[in-house]
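Hi everyone, thanks for making time this morning. I'd like to walk you through one structure, so let me put it up on the screen.

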Amino acid sequence: LGLRTYQKERDRWLANQNRVRALHVRDLLAGGEIEIDEVANAIRYPLRRMHLSLIVWCDESEQGNELLVMERFITELAKSLGAQERPLFIGADRVTGWAWIPLPDNAAPNAITRIREVTNAQPDAPWIAAGDPLPGVEGFRRSHRQALATRAVVIASESHPPAVTAASDPGLVVAAHFCSDLEQTRAW
């Protein structure tokens, strides 16, 4: 009985920590001035690095552990990219996660190629929309906006998505611009 009670309390504490962390990340993404070291400590992620933002998503499973599986995948992906620090993973909903990988500078130029290699080698990998690797706090924000726009293009296409779609893919910036205002695009 004691072990079960302890586990429940620990799970509750971890869930609360994750909610607080997600709130800090959303505040960071909203823009504005921040104290970099204070926020980095609160979210347990190095903000003074090169950041690669990813949006990952999958189909719902019967196990209900999609976020956990995707977080593990992101951790392994970060290792394969040479990241020395842990990636940041936030659940956006039950089957979608937001992730940032703190890249070493030398990994940035080939990061998308490496992500495609790793993802294509795993048949159960989630779909990935990737921003560009960008430095600093503003890079953290911009890469995330790019990844969100990339995913919007993939979803709007209403076709089976490729395993990895990157903001740097040819034509994606234009498509993202049109996807951001579908009503105006239709009128045009």
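Let's begin with the strands. Strand β1, residues 50-57, is joined to β4 by four bridges, and the two run antiparallel. Please keep in mind that this is a predicted model. Within that pairing, Leu 54 stands opposite Ala 130 of β4.

Now, how does β4 run relative to β6, parallel or antiparallel? Here the answer is parallel, with three bridges joining β4 to strand β6, residues 164-166. Ala 130 turns up again, since its bridge partner in β6 is Ala 166.

And the side chains of β4 itself? The strand covers residues 127-130; Trp 127 and Ala 129 point one way, Ile 128 and Ala 130 point the other way, and all of them are buried.

On to the part I expect you'll enjoy, the rings. As a reminder, a pair of aromatic rings is described by the distance of the centres and the angle of the planes. Searching the whole structure gives three aromatic pairs. One of them is Tyr 45 with Phe 140, a tilted pair at 5.8 Å centre to centre with 55° between the planes. Tyr 45 sits in the loop between α2 (36-43) and β1, while Phe 140 belongs to helix α5, residues 136-156, so this pair ties together parts 95 residues apart in sequence. Tyr 45 and Phe 140 are both buried.

Phe 140 has another ring partner in Trp 100: that pair is stacked, 4.4 Å centre to centre and 10° between the planes. Because Trp 100 is in strand β3 (residues 96-103) and Phe 140 is in helix α5, the contact ties together parts that are 40 residues apart in sequence. Trp 100, like Phe 140, is buried. Put together, ring pairs link Tyr 45, Trp 100 and Phe 140 into a cluster.

Let's stay with α5 for a moment. What span should we expect for its 21 residues at 1.5 Å a residue? The expected figure is 30 Å, and the end C-alpha atoms are 30 Å apart, so the two agree. Buried residues in α5 include Val 137, Gly 139, His 144, Ala 147 and Val 153, along with Phe 140 from our cluster. After the helix comes Glu 158, with a positive phi near 55°.

One last contact for the charge enthusiasts: Arg 151 lies over the face of Trp 57, at 4.7 Å from the ring centre.

That's my tour, and I'm happy to go back to any part of it.

Conventions
Residues numbered from 1 in each chain as written. Predicted model: local features only at pLDDT ≥ 70, side-chain atom pairs only at ≥ 80, totals over all residues. Heavy atoms only, no water. Buried < 20%, exposed > 50% of the residue type's maximum accessible area, 1.4 Å probe, protein only. Pairing = 2+ DSSP bridges. Phe/Tyr/Trp six-rings, centres within 6.5 Å; stacked < 30°, edge-to-face > 60°. Lys NZ or Arg CZ within 6 Å of the ring centre and 35° of its normal. Expected span 1.5 Å × (residues − 1).
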